[in-house]
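Q: Please take me through one part of this model up close, and then show me what surrounds it. I'd like to know which residues do the touching and how far to trust the picture.

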Amino acid sequence: MSTAAELYEVNLVSSSKLKLRATAGLAEGTAEAIFDACVLFHEAARLERRAVEALAPCPPEARLAGSIEECWCLLEGSDPDAAAAVWSRILSEQEDVDRATAQAMLVRLRPRYDKSIKSFVRAAQSHPVLGQIGRTHILIPTNSDERRKALRATLAVLQQFPGVPLLWAAASRLADAVDNPELQWEAIIKALRLDPNNTALRASSLLVAAERLRPAQADAYLAPVHLTVHRAEAEVCLMLAFSEVVLAERSPGTREARWTRAAKAVNAGFPRAHAEWMTKILNGLRLFLEASIAKRKPDPDLLYRAGLGRLAATSGGKPIDALLTEATARVGAMYGSSVAA
Amino acid sequence: MTERNPTRRVVEYRLERLFVDQDRDLVHDTIAAALAWIPGRGKAKRQQPFHFEVEHITGTQRARVQLDLTWDMLALESAVPGLRDQVRRLQTGRSAQREHITELAAYALTFVAISVLLPGRRARAFRKGSAPDILFDLTPGALRGVESAGRSSGGKSALLLIRNGTAARAGKQKVPGKASLLADRADVAEVHLSLWSGAPRISIMEQIKP
């Protein structure tokens with residue numbers, strides 16, 4: 001059994017190695033090496049946090065030092081967005097440390113943070129379309145030219161800040177909207193590499209795999225998730241089930257097996273559903289799968305029976321398509337909240 | 001590592017020794033940058049051994065050490081696979097970032113300085129957001145370690161600017177020196193400064209605390 005102090009040190013030592021490897025990647029300077037470095041810095045930031053959390057009670061200086069290191073790692077990992085969340089914690093933690101020590105500890109970080117935030121804001125503001133998305137919270141414009149413009153702007157900011165997982169997630173959804181499947185997949189995987197604990201991203205990546213990869217490749221991506229579905233989060237269960245439904249459409253010879261796997265994922269999702277919308281969509285999907293497995297035509301009132309009357313009234317078309325669109329939008333809207341957590 | 005002259009201490013150090021003297025996982029990613037940075041750009045300078053004039057300061061004592069650095073590429077490559085290509089990419093690659101090469105080389109040389117001048121001490125952790133960069137004791141509230149910095153050129157005056165900082169000038173704020181900042185830290189029990197200039201090859205290793 002490890003003591004708190006041992007856990008603290010193990011995390012710091014592991015983080016140290018990642019930071020040095022990441023710095024070597026930055027020194028190399030190619031786009032690929034820099035992105036890999038961003039991934040390593042994000043992992044190092046998580047380890048710094050874990051180290052402080054392991055040490056209870058944690059002396060104020062060690063807590064502040066941990067947050068400073070976490071923030072620095074996120075800045076080095078080109079993610080001022082996540083660094084900003086840590087910065088607000090730093091400002092409150094410095095109050096518990098004597099003034100001279102806190103100032104000396106922050107002397108390296110403060111100018112680096114200010115510079116990075118300033119250039120991040122400048123980069124975003126140089127693309128009016130991103131400002132519009134920020135104000136309206138509508139990521140996918142209705143006009144196809146606007147969609148392309150939004151994607152170009154997102155990629156331009158990512159070129160300067162390749163470590164922001166939310167921007168990669170946005171790029172993935174925009175790439176879907178402009179029918180660029182390679183970029184849609186590449187971008188969601190990049191988002192996930194930076195933020196592997198983001199449940200919503202993980203869940204969405206399953207559906208992107210099912211829609212955009214060859215069925216055999218998609219199956220290889222989904223297989224480990226099926227093995228752990230009994231302890232997966234509700235979003236993952238939901239999107240895993242939809243992924244199988246999508247793949248059943250794409251490869252009709254495997255329909256029954258896929259619907260059965262989808263039904264298993266839906267059942268695993270119910271106990272962990274944390275919101276009413278989630279339970280309703282799971283319900284709708286369950287009704288669809290029960291009918292499909294029994295070789296019945298799905299009930300046209302399926303959405304009403306699942307409690308999704310509004311969706312039924314406004315969607316038109318097949319109920320399963322409406323369910324999928326609703327689930328994709330709902331899970332997509334959770335990317336940010338998972339990051340903040 | 002051998003000492004040749006008791007009056008003016010000359011220390012020969014083979015870089016591959018670092019994998020024994022220090023934690024190999026920490027050393028591993030600094031070697032390519034060290035090999036790319038230490039020889040400098042002029043061809044005439046690219047010959048081993050590479051001499052560094054090191055001023056070692058502890059309390060009121062000052063000692064001069066000539067550090068003669070050598071390496072065996074084959075031996076290093078067995079510890080760092082692909083090292084030769086990495087060094088070539090760092091020296092000639094269009095995308096290579098000089099500031100990070102200098103930063104990593106300074107860490108490698110600081111590992112050498114710890115091995116030579118603080119025998120028995122081993123780096124255990126490394127951090128970037130606040131000083132000291134290299135830690136051999138992570139006890140919260142009583143850290144022990146070395147703060148490292150490198151400059152490609154500038155010699156002793158450049159290193160003293162890092163140590164002492166710069167006064168406020170028209171339009172520019174005062175930049176505090178590393179020595180005073182480290183001395184102010186209540187959570188640091190022991191700290192040394194390890195500063196390196198690439199051209200001329202000069203270094204300062206100074207115990208700041210206690």
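A: The close look starts with one helix, then moves out to its chain, the partner chain and a few backbone oddities.

First, some housekeeping: this is a predicted model, in which local features need pLDDT of at least 70, side-chain atom pairs count only at pLDDT 80 or more, and totals for chains, interfaces and linings use all residues. Residues are numbered from 1 along each chain as its sequence is written, while chains are lettered from A and ligands numbered from 1 in the order in which they are written.

The part to zoom in on is helix H13 of chain A, residues 234–250. Helices here are DSSP runs (H or I, at least four residues), as are strands (E, at least two), all numbered from the N terminus.

Take the partner H12(A), residues 215–227: its axis and that of H13(A) come within 11 Å and cross at roughly 155 degrees. Axes are lines fitted to C-alpha atoms, for helices over the stretch in contact, and angles run from 0 to 180 degrees between N-to-C directions. H12(A) and H13(A) are therefore roughly antiparallel (under 35 degrees is roughly parallel, over 145 roughly antiparallel, 65 to 115 roughly perpendicular, and the rest oblique). Their crossing is left-handed, meaning the near helix is turned anticlockwise from the far one by less than a right angle; clockwise would be right-handed. On the H12(A) side you'll find Pro215(A), Ala218(A), Leu222(A) and Val225(A), and H13(A) answers with Val236(A), Leu240(A), Ser243(A), Leu247(A) and Arg250(A). Contact means C-beta atoms, placed from the backbone, within 7 Å. By class, that's seven nonpolar, one polar and one charged. Here Ala, Val, Leu, Ile, Met, Phe, Trp, Tyr, Cys and Pro count as nonpolar, Asp, Glu, Lys and Arg as charged, and the others, Gly among them, as polar.

H13(A) also meets H18(A), residues 319–332, with axes that come within 11 Å and cross at roughly 145 degrees. This crossing is left-handed too. Glu235(A), Leu238(A), Met239(A), Phe242(A) and Val245(A) of H13(A) touch Ile320(A), Leu324(A), Ala327(A) and Val331(A) of H18(A). Eight of these residues are nonpolar, none is polar and one is charged.

Now zoom out. Chain A splits into domain 1 (4–121) and domain 2 (197–340), with bounds from an automatic or database domain assignment. Their C-alpha centres lie 37 Å apart.

Chain A also has a partner: the contact takes 33 residues from chain A and 32 from chain B. H6(B), residues 98–117, is one of the elements supplying at least two residues on the chain B side, and its four make up the largest share there. That side has 14 nonpolar, eight polar and 10 charged residues.

As for backbone quirks, the peptide bond from Gln48(B) to Pro49(B) is cis, with omega near -5 degrees. The bond from Ala131(B) to Pro132(B) is cis as well, again with omega near -5 degrees. In chain A, Ser78(A) has a positive phi of about 55 degrees without being a glycine, and sits in the loop between H3 (60–76) and H4 (80–93).

How far to trust it? Mean pLDDT, the predictor's confidence per residue from 0 to 100, is 92 for chain A and 91 for chain B. Within chain A, H19(A) (335–340) is lowest at a mean of 56. Residues 2–6 of chain B stay under 50. Where pLDDT is low, don't read the predicted coordinates in detail. The complex gets an ipTM of 0.92 and a pTM of 0.92.

Conventions: Contact = placed C-beta atoms within 7 Å.
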